[in-house]
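Let's walk through this model together, starting from a single pair of residues and working outwards. Keep the structure open beside you as you read.

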Amino acid sequence: MAVKFYQPENQVPLEMHKVRVVQKLTLLPVQERLKAMQDAGNNTFLLQNKDIYMDMITDSGVNGMSDKQVAAMNIADDSYAGSESFNRAKAAIKEVFGVDNVLPAHQGRAAENILAETFVKPGMVTLMNFHFTTTKAHITRLGGSVVELVHKKGLIPQSDDPFKGDFDLQALRDAITEHTPEKVAFVRVEAGTNLIGGQPVSLENMMAVCDICHEYGVVSILDASLLQDNIYFMKIREPRCKYMSTKEIYHLLASRFDIIYFSARKLGFSRGGFILSTDAKWTNMMMEFVPLYEGFLTYGGMEVRSIEAAAQGLLESLDMEYINQGPEFIAYLVKELDDYGVPVIKPAGGLGAHLNASEFVPDMPHNQYPAGAVGAALFIAGGIRGMERGTLSEQREPDGTERYAELELLRLAVPRRVFTLSQIKYCADRVKWLWDNRSLIGGLQWEYEPSVLRFFFGRLKEIGYWQEELAAKFKADFGDSL
Ligand code: F0G
């Protein structure tokens, strides 16, 4: 497992892979970073990749491919129906999850669309530890609603609880009773709970949720998009998992949940998505939506090369020497920031480091979008692109009022097998500078606010001229340095 250094003071996470294909990056001068951010409407989604030094917007579809994945892509079998590539993906899923019934979808949210179409009827509720943006959008589009039942420990920004994604089990029972089992479309467990900081759910809690679902006759679904990180944390934080192999954990989960789905942009180091079940009854219910929305049953909207890469990538998701890299780099970044006093979500989770914008700019109201403002400021400070995960990422209530996020976070995703440790250190350095200059950060206001998933293409502008002042301060402190 973790390689110990002779000099403990020099201990860093050590990669068990080497880099053989590289991509040139650019770091623009601060004035150009300022212009690029303003041209993008202060929305990091609208930045151009050519203007970015560290792209930390997501870990989705941007993970480093292994030599074996690239090799597998060369033997992709391009056929509309009965592709050998799909058979190889099924074989990999059988190996990893021990499951035979598999449906393809072009990505995770497409799987969510199919699940919502199958189970959600107007007036029904879905119960989950925490929502994900696309999941919720599909459910509410069909007249359903989302009830979040994460244990209250999950919303405490800084703690040392190892499994902040856990359900409040009593609240789950109460919600099923209150809404009645017939009105519950499904219970969804999100592994590596994204919007609360990539926080894992314990194996014990997942098993207990499945037991409750079975007791009440409610469908249980696992969103396994971030399961790889979650399994890493189970292995190192949960005593009962210490002596289980990763494969035993994947198999146990698949034997207990009715349905598992995931984005292969995360789990599988590739692109695409899958829905699986030990019981064909569930996949049969959903099967007809695949050709309708995605494509034939043996490609489901995925490109065959991605299917091959996902098949190999899934096998690599069993390997602790691969799956430890993301969480260990994130833990390193979180520690660097925390030691300096920068408010970050603790303990470190999977997916990325999460800055707590509410503490960065404590006096800024939610409707000036603190996490969006810190994100725009960090791009100006370092050419680093993060993602707003706060009020901007919420949907307005049906009556048009703002729904304020429980946590105002700026997510700095650490795509797997992509960055070097010096780049992670650079990121920490620029965040520390921003923290020391946080009094310069001001709010944002809408220029254009779309009605659906507004965080993707909405445009905002600075309130006042704080961004020019921030760039001037950078110039004063760093001189000619980029
Ligand atoms: N579920 C979870 C937990 C996710 O994090 C995502 C995507 C999806 C489902 C949807 O999958 O992107 O393949 O359609 N998360 C990405 C992110 C977008 O950046 O966190 P998708």
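Start with proline 104, which sits opposite phenylalanine 274 of S8. Bear in mind as you look that this is a predicted model. The two residues belong to a longer match: strands S2 and S8 (residues 273-277) run antiparallel and are joined by five bridges.

Now zoom out to the sheet around that pair. It's an open sheet of seven strands with mixed pairing, and reading across it you get S2-S8-S7-S6-S5-S3-S4. Which strands stand at the edges? They are S2 (101-105) and S4 (145-148); each has a single partner strand, so each has one side left without a neighbour in the sheet. If you ignore direction, neighbouring strands here are turned by 25° against each other on average.

There's a helix to look at here too. Helix H6, residues 169-179, lies across S3 (125-128), S4 and S5 (184-190). Compare its direction with that of S3 and you'll find an angle of about 175°.

Before leaving this part of the chain, follow the loop between strand S7 (259-263) and S8, where you'll find phenylalanine 269. Its backbone is worth a glance: phi is near 50°, a positive value in a residue other than glycine.

Next, let's step back to the whole protein. How many helices and strands does its secondary structure come to? The count is 19 helices and 14 strands. The C-alpha trace spans about 65 × 55 × 45 Å along its principal axes. As for overall compactness, a compact globule of 482 residues would have a radius of gyration near 23 Å, and the protein's 22 Å agrees with that.

The domain assignment splits the protein in two: domain 1 takes 8-59 + 322-478, while domain 2 takes 68-317. Their C-alpha centres lie 27 Å apart. Where they meet, 23 residues of domain 1 are in contact with 27 residues of domain 2. On the domain 1 side, helix H13 (320-323), helix H14 (325-340) and S9 each supply at least two of the touching residues. S9 gives the most, with three residues. By class, this side of domain 1 divides into 10 nonpolar, eight polar and five charged residues.

So what is S9 doing when you look at its own sheet? Strand S9 belongs to an open sheet of three strands, in the order S9-S12-S11, with antiparallel pairing. S9 (352-356) and S11 (387-389) stand at the edges with a single partner strand each, so one side of each is left without a neighbour in the sheet. From one strand to the next, the twist averages 30°. S9 runs antiparallel to S12 (residues 409-413), and five bridges join the two. One spot to check is asparagine 356, whose bridge partner in S12 is leucine 409. Helix H16 (residues 370-382) packs on this sheet and touches S9, S11 and S12, with its direction at about 45° to that of S12.

Just ahead of S9 there's another backbone detail. The loop between H14 and S9 holds proline 347, and the peptide bond leading into it from lysine 346 is cis, with omega near 0°.

Finally, turn to the ligand. Which residues come nearest to it? Out of the 15 residues around the ligand, those are Thr58, Gln107, Gly108, Arg109 and Ser263. Taken by class, the shell has nine polar residues, four charged and two nonpolar.

Methods. Residues numbered from 1 in each chain as written. Predicted model: local features only at pLDDT ≥ 70, side-chain atom pairs only at ≥ 80, totals over all residues. Pairing = 2+ DSSP bridges. Helix = DSSP H or I, 4+ residues; strand = E, 2+ residues; numbered from the N terminus. Axes fitted to C-alpha atoms, helices over the stretch in contact; angles between N-to-C directions. Contact = placed C-beta atoms within 7 Å. Near = placed C-beta within 6 Å. Nonpolar A, V, L, I, M, F, W, Y, C, P; charged D, E, K, R; others polar. Domains from an automatic or database assignment. Rg over C-alpha atoms; globule rule 2.2 N^0.38 Å.
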